[in-house]
Amino acid sequence: METELLVIGGGPAGYTAAIRSAQRGLDVTLVEDGNIGGTCLNHGCIPSKALLSATDTVHEMDTAEEMGIYVEPYVDVEEMVEWKDGIVEQLTDGVGSLCRQNGVELVEGIAQFSGDNKVTVNGDQEITFDSAIVATGSRPISLPDFSFDADPIWDSRQALGADQTPPRLLVVGAGYIGMELSTIFSRLGSSVTVVEMLDKPLPQYEEELTQPVYERATDRGIDINFGEAAAEWRRDGNDVVVTTKTEDGETTTYEVDRVLVAIGREPVTNGLNLDAASIETDPNGFIEVDEDGRTSTDHVFAIGDVAGEPMLAHAGMHEGIVAAETLAGRSPPSADAVPAVVFTKPEIATVGLNPGEAAENGIDPVVGKFPFAASGRAMTARETTGFARLVADQDGTLVGGQIVGPEASELIAEITLAVQ
Ligand code: FAD
């Protein structure tokens, strides 16, 4: 088989690049080894946001008494999971149709480079191409001795696919995936304990932003323990006994039913045989690219999680458009402002520079900050925790914004537009 453009991986980055390239007139083939839609639609953003929305409704009902509303929610977890799976199916079917409608040829299987202009799919079908885009995404990092193959150990995909709620859940890692899933399971009635090696949750965010999230989580009964690394686990009857260790060697044990390991994600490049196409990776295994997504091999691009931070679906989609437009000989759109959101309660959303980063970039920042406690709209939404902050330079040009509070994920879009 021959194609002008071969896209490897049908997640948000890959399908966006494939569709845009086909719209620009290229003959495009997309090889996907699992389900079209990738991690985001099948096992990441969409299922997690669906369950957060569903459990938010439960939480709203649970706390409606102060508005004079009395409801006792009854939750059927299996039905909730069916509803979530229905949304995933609708979206993945939609993306498949969109690819076909735009003339993208879909091939099922695992692609592996066998030269700098060809791949084999599942070892037997050869596809030659003029250009290629690698969009193979990322997978959860496993902890030594906590194999995801062991029954009580979950990665995020297994946790989001579960149709039962474990009575006691230990979450290893307080990054955004660990904190979002802790929120879901605690709202569904699990007793949730989190262990984190560092000394705060969501370490990439400022403490001012993470503190309200930490406080709300602990108020809800999530037990968060810092400075502890999960070291080993064993079964004791029906219990799963996990031992953690501090830097000084102090140990603590937790008796739980399930363990969710959410300590980060690594690029999926094994099996691609990148050497055959002379594609270089950085020391952490991410494919090295320039600002248009071009790899060390001129006619091969890499986009999305496999090309490193920001490992976010919308960033991958943008990179897909940049690669497609570059290949089509057009000038790609710029993205100076890429928002990031943590869908905890309260939500955190950021874009551009915070005051410290502005100062590091030689800007003497002008900062405006408004607490939700003083917002009438926040009071009526019963969400008065947190604040919105804008960061500008001395001329009044907006360089960033940070929000922790209600609807931060929606509000950040407006700041993003302004920063961009
Ligand atoms: P992926 O979505 O991982 O897709 C890669 C695809 O490539 C896969 O389908 C895989 O099967 C295929 N593939 C791999 N190797 C081969 C091969 N050799 N041949 C053929 N096919 C191959 N991001 C957000 O922006 N917002 C969120 O709210 C959010 N929530 C998340 C929640 C969770 C629990 C997780 C795990 C992730 C979340 N993310 C979120 C991150 C988001 O899912 C990723 O950034 C996004 O999926 C990356 O897209 P991608 O196209 O690069 O890769």
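A salt bridge here is a side-chain nitrogen of Lys or Arg within 4 Å of a carboxyl oxygen of Asp or Glu. The model is predicted, so local features need pLDDT of at least 70 and side-chain atom pairs count only at pLDDT 80 or more, while totals for chains, interfaces and linings use all residues. Residues are numbered from 1 along each chain as its sequence is written, and side-chain values use heavy atoms, with hydrogens and water left out.

**Exercise 1.** Find how many salt bridges the whole structure holds, then work out which partners Asp151 has.

*Solution.*
- Step 1: the search of the whole structure gives 18 salt bridges.
- Step 2: Asp151 pairs with Arg235, their closest N and O atoms being 3.7 Å apart. Arg235 sits in strand E12 and Asp151 in the loop between strands E7 and E8, 84 residues apart; strands are DSSP runs (E, at least two residues) and helices likewise (H or I, at least four), numbered from the N terminus.
- Step 3: Asp151 also meets Arg258 at 3.9 Å, N to O. Arg258 belongs to strand E15, so this pair ties together parts that are 107 residues apart in sequence.

**Exercise 2.** Now take Lys369: which residue does Lys369 form a salt bridge with, and are the two buried or exposed?

*Solution.*
- Step 1: the partner is Glu208, with the closest N and O atoms 2.3 Å apart.
- Step 2: Lys369 is in strand E20 and Glu208 in helix H7, so parts 161 residues apart in sequence are tied together.
- Step 3: both are partly exposed, Lys369 at 45% relative accessible area and Glu208 at 35% (buried is under 20%, exposed over 50%, partly exposed in between; 1.4 Å probe, protein chains only).
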